[in-house]
Amino acid sequence: MKELLKFIQLRCPNCHSMLSRVDKFEAQIKCPYCSSIIEVSGVAQHTLVMVSPEMIVPFKTTEKDFKQAVCRHLLGTESDNIVCDIFDKVEMDNVTAIYLPMYLFEGKYETEYKCTLVWSEKNADGEKYTCSKDESGNVKSNYSILCLAYDGLEITEELAEWTHCFPYDPAAVQTFKSEFVTGKGYQILPRNLDREATWNKWGADIIEDEAEQEAFKQLPEKTDRIIRDYRSMFDYHAKHEGHLILAPFWFVYYTYDYQKYFLMMDGLGKHTNGSKLPQDENIYEEVKKNKKLDTRAHLIAAPLAALILFFTPHFLDSWIMMQTIKIAIILISWGLIWRFLGGEDENNILKRAYKKRKTGYEQMLVTTSSNNSRE
Ligand SMILES: [Zn+2]
């Protein structure tokens, strides 16, 4: 007889997201999707009983690890254009740990392909001409992928998009025990696709795409290469029907200037994915302003140089020596004016913003290490 797993679910009264746990909810929780506070006693709870997953990838990272990864992401590098006050405005107390239901598919595939390769060559006079050749071959390989056993709106679109096919790490998998998912406030998403539906929705296409990519790699590299009339006979042999696995993920949504942003990380801490960070639009204005200053510096430098030329005392006999000194004076005065009036270039502005972010980053690290609910 298959083991069963009981889910407790409630719907967020604000954004209507369904939240699921395997153990009970705390008296008061924060919705991971809209951040509103939910008084659990005031909302209806449902139970859902499903076949237990066979395996689980337990979390290897703590809430603190994820918060630190978020901080590093927000800090960026010296060459990133990210708003410098991001750490003052971002609230990070709503990070969520969730187990997603995934099917592990493993097996072998084989594909026989035919196509026409078109490329360009140059003749002795350097003129281009087009060449083409029929190619064929076959690709054999193993596959092992995790595919999301869920299709719906109970997790956000970006989380579903990022996790629909995920790299599988055999070393991290363990036999499922309910202890893994209880007592730590983990969200857990019940699956709504079965094995076959999951394979049909994601698995088959992903492996066929992979086979095609491998075939393309076998084709000779040419200038302006175009692959035409690609056709293939694809076949696969599954090692097993597919195992249901719970895979761990972290995510957080944050707001900057009324815009929503997100960051996600897998529970092993190996992969992250996030929306593009809020950009500092002012930097372009500042660079433009500096260009104006640059022109002004030239305008001042020119008459000043003329004055210097006019008043330079004629104490040297050698005409060439005289001219050299004059040129030197012009260059030095131009340089001085540029220094005082000319502004910073883009790189300097970015570096300055990075320094400001770094201060916020260090403060945020102190805060995140002092409160930890999910160690
Ligand atoms: Zn909500």
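**Stop 1: Lys-201 and Asp-151**

Select Lys-201 and Asp-151. Their side chains form a salt bridge, with 3.5 Å from N to O. This bridge joins distant parts of the chain, since its two ends are 50 residues apart. Lys-201 sits in helix H4, residues 195-218. Asp-151 sits in the loop between strand E8 (128-148) and helix H3 (157-163). Are these two residues buried or exposed? Lys-201 is partly exposed, because its relative accessible area is 34%. Asp-151 counts as partly exposed too, at 41% relative accessibility. Keep in mind that you are looking at a predicted model.

**Stop 2: the whole chain**

Zoom out. The chain holds 7 helices and 15 strands. It has 375 residues, and 43% of them count as buried. Now think about contacts between residues with a separation of 6 or more. Of these, 75% are made by residues 24 or more positions apart. The accessible surface comes to about 21,800 Å². Carbon and sulfur atoms own 52% of that surface.

**Stop 3: more salt bridges**

How many salt bridges does a search of the whole structure find? The count is 12. As background, side chains of opposite charge can pair when their charged atoms come close.

Select Arg-21 and Glu-26 next. Their side chains meet in a salt bridge at 3.0 Å, N to O. The two partners differ in cover. Arg-21 is buried, because its relative accessible area is 4%. Glu-26 is partly exposed, with a relative accessible area of 41%.

Go on to Lys-89 and Asp-85. This salt bridge spans 3.6 Å from N to O. Lys-89 counts as partly exposed at 40% relative accessibility. Asp-85 is partly exposed as well, with a relative accessible area of 23%.

Then pick Glu-54, Arg-195 and Glu-241 together. Salt bridges link these residues in a network.

**Stop 4: the zinc ion**

Select the zinc ion. Which residues coordinate the zinc ion? They are Cys-12, Cys-15, Cys-31 and Cys-34, each through its SG atom. The distances run from 2.2 to 2.3 Å. Along the sequence, the donor residues follow the spacing C-x2-C-x15-C-x2-C.

Follow two of these donors, Cys-12 and Cys-31, back into the chain. This pair links distant parts of the chain, 19 residues apart. Cys-12 is in the loop between strand E1 (4-11) and strand E2 (18-21). Cys-31 is in the loop between strand E3 (28-30) and strand E4 (37-39). Cys-12 counts as buried, because its relative accessibility is 1%. Cys-31 is buried too, at 0%.

Look at the angles now. Why is the arrangement around the zinc ion tetrahedral? The 4 donor atoms subtend angles of 104 to 112 degrees, so the arrangement is tetrahedral. For comparison, the ideal angle for four tetrahedral donors is 109.5 degrees.

**Stop 5: Asp-266**

Select Asp-266, in strand E14 (residues 259-266). This residue is buried, yet has no salt bridge. Which side chain of opposite charge is nearest to Asp-266? It is Lys-270, 6.7 Å away. A salt bridge needs the nitrogen and oxygen within 4 Å, so that distance is outside the cut-off.

Show what surrounds Asp-266. Leave out neighbours within four places in sequence. Its contacts include Trp-162, Phe-166, Phe-249 and Trp-250. Thr-61, Pro-248 and His-271 are also in contact with Asp-266.

**Stop 6: two positive phi angles**

Most residues other than glycine have a negative phi. Here are two that do not follow this.

Select Asp-229, in strand E12 (residues 226-238). Its phi is positive, about 50 degrees, although Asp-229 is not a glycine. Asp-229 counts as exposed, because its relative accessibility is 54%.

Select Tyr-258. It lies in the loop between strand E13 (243-256) and E14. Its phi is positive as well, about 65 degrees. Tyr-258 is exposed, with a relative accessible area of 83%.

**Stop 7: Leu-48**

Finish at Leu-48, in strand E5 (residues 45-51). Is Leu-48 buried, partly exposed or exposed? At 28% relative accessibility, it counts as partly exposed. Not counting residues up to four places away in sequence, Leu-48 touches Leu-5, Lys-6, Phe-7, Gln-9 and Pro-190. Now add Ser-20, which is 28 residues from Leu-48 along the chain. The C-alpha atoms of Leu-48 and Ser-20 are separated by 9.3 Å.

Conventions:
Residues numbered from 1 in each chain as written. Predicted model: local features only at pLDDT ≥ 70, side-chain atom pairs only at ≥ 80, totals over all residues. Heavy atoms only, no water. Helix = DSSP H or I, 4+ residues; strand = E, 2+ residues; numbered from the N terminus. Buried < 20%, exposed > 50% of the residue type's maximum accessible area, 1.4 Å probe, protein only. Lys, Arg positive; Asp, Glu negative; His and termini not counted. Contact = heavy atoms within 4.5 Å. Donors = N, O, S within 2.8 Å, 3.2 Å for Na, K, Ca; no water. Tetrahedral: all angles 85-135°; square planar, octahedral: opposite > 155°, others 65-115°. Areas by Shrake-Rupley, 256 points an atom, 1.4 Å probe, with all protein chains shown as cover.
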